[in-house]
Amino acid sequence: MSNLIFPSQQVGEFTITAVSDGYLTASLDFLANIEASEAARLQSDAGQKAPDAVHINCYVVRGAGRTILIDGGAGGIKQWGGRLKTNLLLAGIEPSSIDTILLTHAHPDHVGGLVNADGATAFPNAELVVHQREIRFWQDDGNLSRASERARGNFLIARQVFDGYRDRVRTFDTGDVLPGISAMPLPGHTDGHTGYLIESGNQGVLVWGDIVHFPHIQIQRPDVTIAFDQDATMAADTRSRLLDRVSAEGLMIAGMHLGELGFARIKRTGGEYGLIYEA
């Protein structure tokens, strides 16, 4: 496996590898608390050639006798992503070897790759681990009935995944989900949006899910929210508090919409946060 293609970090006994599922596109008009022209400028200043491109990362964690996948990418839904399975094989990881899937939340670009086009589960030997509030939200018929036409499709995709893995679903509230991996509730983006803190040998990485969609905008401007946020005010507050924490602690972060390098740290200079990718 080439680390140039698949960035990896060693955290004690765990090897964590970023595996790209590809890209989705999201209009900068979806952002709130910023003008689209200003958002485009920030993207341009950061060297983003396609300002509306949002990268989709998944992460494989190996160690302690386990092979864990964190999120499943979009799987080609809405012409988004769809590269995860190919890239896993290129990285020498067979889908059948994945024994656990940790879900940050159940939006289509995180669960679409968990089922195949024929509806069969893409990871036949994996237990699906997800926050209980996340399952409760997507399975609630009242929430479905109140959803917009676009969001209704999201419900149906989430339900298909939960149904496919129904005999292998484990829910949690807080605390350790696996030895060395603890859940960190990060509410706002969705009801049960969760980060995973992986710790071993006095080292750690926080996989923070969808704290940002456009990292070069939302890390510099934590108040900027996106239309995909279920509770925009809460999402912005969660982002601000988390940026403060990880910058103060120097904690390495991984995120589903960071760039293909996959791992970074947040540096605070004066009153502004900045993103520095790990080499």
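# Pockets, aromatic cluster and strands

The residues lining the largest pocket comprise 11 nonpolar, 10 polar and 5 charged ones. In this classification, Ala, Val, Leu, Ile, Met, Phe, Trp, Tyr, Cys and Pro count as nonpolar, Asp, Glu, Lys and Arg as charged, and the others, Gly among them, as polar. The model is predicted: local features need pLDDT of at least 70 and side-chain atom pairs count only at pLDDT 80 or more, whereas totals for chains, interfaces and linings use all residues. Residues are numbered from 1 along each chain as its sequence is written, and side-chain values use heavy atoms, with hydrogens and water left out.

## Pockets and cavity

Rolling a probe the size of a water molecule over the atoms shows where empty space is left. The search uses a 1 Å grid over the protein atoms alone; a cavity is a set of points where a 1.4 Å probe fits but cannot get out, a pocket is an open set with protein on both sides within 12 Å along at least five of seven lines, and lining residues have an atom within 4 Å of a point. Grid points are joined across faces, edges and corners, and a volume is the space filled by probe spheres set on the points.

The largest pocket has a volume of about 430 Å³. Its lining contains 26 residues, and H107, R150, A151, N154 and F228 lie nearest the centre of this pocket. Four elements give two or more residues to the lining: β2 (14-25), α3 (108-111), α4 (132-139) and α6 (149-164). Helices (H or I, at least four residues) and strands (E, at least two) are DSSP runs, numbered from the N terminus. Helix α6 gives the most to the lining of the largest pocket, with 4 residues.

The second largest pocket holds about 180 Å³ of space. It is lined by 17 residues, of which Y23, Q48, A53, H55 and G259 are the closest to its centre. Two or more lining residues come from each of β4 (53-63) and α7 (215-218). Strand β4 has the largest share of this lining, 3 residues. By class, the second largest pocket is lined by 8 nonpolar, 7 polar and 2 charged residues.

The whole structure contains 1 cavity of 30 Å³ or more. About 50 Å³ of space lies in the largest cavity. Its lining consists of L186, P187, H189, H193, D210, I211, D229, A235, T238 and R239, which divide into 4 nonpolar, 3 polar and 3 charged residues.

## H105 and its contacts

H189, which lines the largest cavity, also makes a side-chain polar contact of 3.3 Å with H105. A polar contact is a pair of N or O atoms within 3.5 Å; within protein, one must be able to donate a hydrogen and the other to accept it, and residues adjacent in sequence count only if both atoms are side-chain atoms. The side chain of H105 is further joined to that of T104 by a polar contact of 2.9 Å. H105 sits in the loop between β6 (100-102) and α3. With a relative accessible area of 0%, H105 is buried; the term means under 20% relative accessible area, exposed means over 50%, and partly exposed lies in between (1.4 Å probe, protein chains only).

## Aromatic cluster

Rings of Phe, Tyr and Trp (its six-membered ring) pair if their centres lie within 6.5 Å; planes under 30 degrees apart count as stacked, over 60 as edge-to-face and the rest as tilted. The count by this rule is 6 aromatic pairs, among them the two tabulated here.

| Pair | Centre to centre | Angle between planes | Class |
|---|---|---|---|
| F137 and W138 | 5.0 Å | 90° | edge-to-face |
| W138 and F155 | 4.7 Å | 65° | edge-to-face |

Because W138 lies in helix α4 and F155 in helix α6, their pair ties together parts that are 17 residues apart in sequence. F137, W138 and F155 form one aromatic cluster. F137 and W138 are both buried, and F155 counts as buried at 3% relative accessibility.

## Strands β10, β11 and β12

Two strands pair if DSSP finds at least two bridges between them. Strand β11 (residues 194-200) is joined by 5 bridges to strand β10 (residues 181-185), and the two run antiparallel. In this pairing, P185 has T194 of β11 as its bridge partner. Another 5 bridges join β11 to strand β12 (residues 203-207), again in antiparallel fashion. Here E199 has G204 of β12 as its bridge partner. The hairpin of β11 and β12 has 2 residues between the strands, and G201 takes a positive phi near 60°. Strand β11 is mostly covered, with 6 of its 7 residues buried.
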